[in-house]
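I opened the notebook to record what I looked up, one item at a time. The entries follow the order in which I checked things.

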Amino acid sequence: PARIVWAAIDHDAELPCDITAPSSQDGVKLVLWFKDSTGIPLYSLDSRSGVQISAAQHSTIANDLGQRLFFSVGATPKEARLQIRNIKTSDGGVYRCRVDYFNSPTRNYRVNLTLAVPPEEPRIFDAQGKEISTVAGPFREGHELFLSCQVSGGRPPPRVTWWRDGVEISSTSHPSAVEGTSAMVNQLFISTVTRDLYGSKLQCRAAGSKLVPAVSKEVAIQVHLKPLRVKIISPNELLTAGRPVPIRCESWGSFPAAKVVWLLDGEPLRSADITVHTDSNDSNLTSSILTLRVTAENDGAELTCRASNPWFSGGAIEDKRIISVAYEPVVSVHLSNEDPSRVITRAEGENVTLKCRADARPPVTSFSWYKNNMRMSGENGETLYLTQLERESAGSYACAASNTEGETRSSSLTLKIQFAPRCKPGTEQTSVGSLNMHSLHVKCEVEADPPDGVRFSWTYNNTRNVSPVLNSRISSHGLVSTMTYLPQSDSELVTLACWAINNVGRQTVPCLIHILPAKIPDTPRNCELHNDTVLEVVCLAGSDGGLMQSFLLEVVGGAVPSAAYNLDFTRGPPTEIDNEISTMNDQATLAPLFRIQEQIPQFKLHSLEPGRDYQLLVYAVNAKGKSDPPFVIDKVRVGSALVPPYVDETIISEDPTPAETSHQDKQKQQSQMVMFAAVAAAVGVIIASIIVAGFVAICRLKRQKPPEPQEVRKRMRPARTDVPSMYAEDDVFDDEYQRQLDVRCSRASSTIRSSRYVSEGFVQYSQPSLNGKYG
């Protein structure tokens, strides 16, 4: 068989040929080298001339190969060899060395010159069969690593191995057919990736013959690492509520950079201001700065800094701390029995205890209380005692607490006080004028809480007894009760007492309505002329005499107004009162040029001719009559014509035109009626004066000593024991009653113009009349 000799292209090769003679008496005559099946020798060494082999003649074939051949005899015959320089691809093949001896048979030696071919560059694949060029991975710490190195070509077949840092890694190599070509494959499997692989490189090396260098490919290994440590490095100091503070947390050992999450009591701080920084020199270091703004509720909360690598599930690590917060007091007010109600309802006379609950760090140093947003003096404790509640105790209550961080006031707690009925302010005592046999509708209005279910009762009080009023005369709705009363005479003095009761209790002091004989109203006073844009008369009203009053202005004197204007400036159609008003007066003999009637003592004047003098008479009028005397304004003169607002031609015309002759007859008849009425009025005044004078004389002769106060109280008390008294203080009424008796006589002797009838002592307990219409 042929002997194999390996050679590399561009390298030298030596083909051995043992030329030792079989015996010492024999020698080499001729050496020939042939290649493959070629019959022409490539090289020859001829010593047939008998010369020593070392001096034999060398001959080569005349081609490129021949020029690179040389046969070396060597130091010994066994070391003889054919040297080929600068091996080329075509040099490979089977060479035959033929040795001829002088006496011995010829010997032939076969040498197979095999050229060593380097393999192709290795190709590296991951577990998914993806070829890797420079970086393999990423591989996760604690998980598997698989790489496959594939090498094609090469003679002899290469040995494929994995190396790391010059050290061969144990792996499995086997031949494989790749795309119809033989190849060598080496698979690297690491069951658990450790942190020391981070940043390392792996090399796949293919080595065949020593004649040619090994080929290799190196890839970097990318490893994802779990964070090793996390720590909140900012000092754990006392935080102030509402004041932002930066807190720093650092994480080491993660690649890529760790994801840092902040949690407060287990809840992520999603809206927090967080800054993440990765150190360029150490990519495993990640820092996070949280700008934390705490509140009082965060005191004692757990702050957590959590670091994790998103490539790993369940690999997060945490650092925690308990934070302490200094904050203003968190204040609330409530009942001492911990009732959470924000609206408290109590009845008059009961007690309430309120407590101020305050949570603060540092502790509360002082308390204060507020009612209706006004600070309560003397109340600086944690508890507020409200005893013997009154209606004025109702309101909103709040407490405030303070510490070194500041003062905080609680939300308000509302205290409602329920109370027994009482007269609506301003209606405790009222007086109403009456006319004989004219029904009055007397109203009583109270305040009460609760307002539902209020029941009313009335008592009738005169100088003789106190009697209950029949329910058929009473009409009640809510907090208002109305009673119908029919006076039996013009001189009757009666007091009606109105009582009310609800769930809290009974009214202690009744509402009093004094029924007094109606009288003529007082004359208006302080009348003045105003001339801003229109001529206006403004007066002050006097007493209404117990009845609803209106006001009348009469214009007297001067020349007859322009024939185009015969006016009556009333504000509506003529009323019954208007018909009762005489056109005559005590101040002038002429009938008024026109009249103006108003509900208030203010009158606007029109149709007064300039340059003429007028007299203005102002009256107050009610169902009892007209005030007498009137308020008189003399010598009123206007400088320019006044334009009336509207014309009413049904009133008397003082200067008729020829076209109004028929109307002039009616005017004369009316003038005669006016004259007759004036005479009748004068006679009536004289008769009334005589009657009054007689009445005054009788009062002075027959006035007896007033009864003792005890007797009056007996008379004013109810005849039945189940009817309550209408007075809280009987003595006060005794005095008033005595004064009334005196005044009734003394006032009658005064002039007819006096408008006062009720005694001054009685008036000071009364309010202005209701001024309503009574039918």
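**Disulfides**

I looked up the link of Cys249 and Cys305 and found it left-handed, with -90° about the S-S bond. I noted that the model is a predicted one. The disulfide between these two cysteines, Cys249 and Cys305, has an S to S distance of 1.9 Å. Cys249 sits in strand E22 (residues 245–252) and Cys305 in strand E27 (residues 302–308), so this pair ties together parts 56 residues apart in sequence.

Are Cys249 and Cys305 buried or exposed? I counted Cys249 as buried because its relative accessibility is 0%. Cys305 is also buried, and its relative accessible area is 0%.

I then searched the whole structure and got seven disulfides. I wrote up two more of them, including the one that joins Cys423 to Cys511, with S to S 2.0 Å. Its angle about the S-S bond is -125°, and the link of Cys423 and Cys511 is left-handed. Cys423 belongs to strand E37 (residues 413–423) and Cys511 to strand E45 (residues 511–517); the pair links distant parts of the chain, 88 residues apart. For Cys423 I have a relative accessible area of 9%, and buried means under 20%, so Cys423 is buried. Cys511 is buried with 1%.

The other entry is Cys444 and Cys498, whose sulfur atoms are 2.1 Å apart in a disulfide. I read -80° about the S-S bond, and the link of Cys444 and Cys498 is left-handed. Cys444 is in strand E39 (residues 440–449) and Cys498 in strand E44 (residues 494–501), 54 residues apart. Both Cys444 and Cys498 are buried.

**A sheet of three strands**

Next I looked at an open sheet in which three strands run in the order E2-E7-E6, with antiparallel pairing. Which strands stand at the edges? Strand E2 (13–16) and strand E6 (69–72) do, and each has a single partner strand, so one side of each is left without a neighbour in the sheet. On average, neighbouring strands of this sheet are turned by 25° against each other, direction ignored.

I followed one pairing further: E2 and strand E7 (residues 81–84) pair in the antiparallel sense over four bridges. Ala13 stands opposite Ile84 in E7.

**A surface patch**

Last, I checked a nonpolar patch on the surface, formed by Ile4, Trp6 and Leu211. Together they have about 270 Å² of accessible area. Trp6 is placed in strand E1 (residues 3–8). I entered Trp6 as partly exposed, with a relative accessible area of 37%.

How values were computed: Residues are numbered from 1 along each chain as its sequence is written. This is a predicted model: local features need pLDDT of at least 70, side-chain atom pairs count only at pLDDT 80 or more; totals for chains, interfaces and linings use all residues. Side-chain values use heavy atoms; hydrogens and water are left out. Two strands pair if DSSP finds at least two bridges between them. Helices (H or I, at least four residues) and strands (E, at least two) are DSSP runs, numbered from the N terminus. Axes are lines fitted to C-alpha atoms, for helices over the stretch in contact, and angles run from 0 to 180 degrees between N-to-C directions. Patches are made of residues with over 30% relative accessible area and no salt bridge: like charges are joined within 9 Å, nonpolar side chains (Val, Leu, Ile, Met, Phe, Trp, Tyr) within 5 Å. Accessible areas come from the Shrake-Rupley method with a 1.4 Å probe; for residues, only the protein chains shown count as cover. A salt bridge is a side-chain nitrogen of Lys or Arg within 4 Å of a carboxyl oxygen of Asp or Glu. Buried means under 20% relative accessible area, exposed over 50%, partly exposed in between (1.4 Å probe, protein chains only). A disulfide is a pair of cysteine sulfur atoms within 2.5 Å.
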